[in-house]
Amino acid sequence: MAIDSFDAQCKQCQSIQHLKTGHDDKEDSIDKATEQLHGKTQIQVRSIIRKHKVDSAEYGFALFVCPQCQILYNPYSVKVEYDDIMLFQPFHKCQRCNTTLLKATEAVETYACKQCGEKQLHIKE
Ligand SMILES: [Zn+2]
Ligand SMILES: [Zn+2]
């Protein structure tokens with residue numbers, strides 16, 4: 001999987017968000033993907049890899065949205081299933097209202113700009 005990147009510009013405040021989905025080809029294992037993770041998440045994932053049997057792992061940039069204020073976020077997200085029944089999936093929080101973000105399922109245009117909160121995003125060609 002390669003990274004797919006595009007820019008979304010807000011028609012209201014003109015700010016541009018650089019959005020990415022997926023992960024780099026060289027991050028072909030969860031082991032390498034941990035380099036993209038930060039702080040506690042990185043420590044936890046490395047510890048799972050070291051001490052447990054990883055069943056499956058998903059990782060890469062993904063689009064998330066705050067269900068409260070509809071603001072679009074683009075974190076590097078990770079999900080690790082291990083020891084048959086265990087799941088490690090850190091939550092991402094909205095910087096404005098601290099609500100747990102959900103995976104974005106609609107088109108980018110339906111979500112709000114991080115800068116001004118208006119739903120005026122459009123994808124730049
Ligand atoms: Zn929010
Ligand atoms: Zn804006």
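Visitor: Which residues does Gln 36 touch, not counting residues up to four places away in sequence?

Guide: In this predicted model, Gln 36 touches Glu 27 and Tyr 76 once residues up to four places away are set aside. Gln 36 lies in the loop between α1 (30–33) and α2 (39–51). Gln 36 and Tyr 76 are 40 residues apart in sequence, yet their C-alpha atoms are 7.3 Å apart in space.

Visitor: Is Gln 36 partly exposed or buried, and why?

Guide: A residue counts as buried if 20 or more other C-beta atoms lie within 10 Å of its own, and as exposed if 12 or fewer do. Gln 36 has 17 such neighbours and is therefore partly exposed. Asn 74 is likewise partly exposed, because 19 C-beta neighbours lie inside 10 Å. Across the protein chain, buried residues make up 22% of the 125 residues.

Visitor: Where is Asn 74 found, and with which residues is Asn 74 in contact, leaving aside neighbours within four places in sequence?

Guide: Asn 74 belongs to the loop between β5 and β6. Its contacts, with those neighbours left aside, are Leu 19, Lys 20, Phe 61 and Leu 63. As for the distance to Ile 3, which is 71 residues away along the chain, the two C-alpha atoms are separated by 13 Å.

Visitor: What pattern of helices and strands does the protein chain follow along the sequence?

Guide: The pattern reads β-β-α-α-β-β-β-β-β-β-β, with two helices and nine strands in the chain. The C-alpha trace spans about 50 × 30 × 25 Å along its principal axes. Of the contacts with a separation of 6 or more, 60% are between residues 24 or more positions apart.

Visitor: How should one read the pairing of strands in a sheet?

Guide: Strands of a sheet pair through backbone hydrogen bonds, in either a parallel or an antiparallel arrangement. In the present model, three strands form an open sheet with antiparallel pairing, in the order β5-β4-β8. Strands β5 (72–73) and β8 (102–103) stand at the edges with a single partner strand each, so one side of each has no neighbour in the sheet. Strand β4, residues 64–65, pairs with β5 over two bridges, and Phe 64 has Tyr 73 in β5 as its bridge partner.

Visitor: How many bridges join β3 and β6, and how many join β6 and β7?

Guide: Strands β3 (residues 54–61) and β6 (residues 76–82) pair over seven bridges in the antiparallel sense, and Ala 57 stands opposite Val 80 in β6. Strands β6 and β7 (residues 86–88) are also antiparallel, with three bridges. Within that pairing, Leu 87 in β7 is the bridge partner of Glu 81. Strands β6 and β7 form a hairpin with three residues between them, and Asp 83 in the turn has a positive phi of about 50°.

Visitor: Which residues have the most contacts inside the largest nonpolar core?

Guide: They are Phe 64, Val 65, Ile 71, Leu 72 and Tyr 111, in a core of 17 residues. The elements giving two or more residues to this core are β1 (4–10), β4 and β5. A second, separate core has seven residues, among them Ile 30, Ala 33, Val 45 and Val 78.

Visitor: With which residues is Val 65 in contact, leaving aside neighbours within four places in sequence?

Guide: Val 65 is then in contact with Gln 70, Ile 71, Leu 72, Leu 101, Leu 102, Ala 104 and Tyr 111.

Key. Residues are numbered from 1 along each chain as its sequence is written. Chains are lettered from A and ligands numbered from 1 in the order in which they are written. This is a predicted model: local features need pLDDT of at least 70, side-chain atom pairs count only at pLDDT 80 or more; totals for chains, interfaces and linings use all residues. Helices (H or I, at least four residues) and strands (E, at least two) are DSSP runs, numbered from the N terminus. Two residues are in contact if their C-beta atoms, placed from the backbone, lie within 7 Å. Two strands pair if DSSP finds at least two bridges between them. A nonpolar core is a set of buried Ala, Val, Leu, Ile, Met, Phe, Trp, Tyr and Cys residues joined through C-beta atoms within 7 Å.
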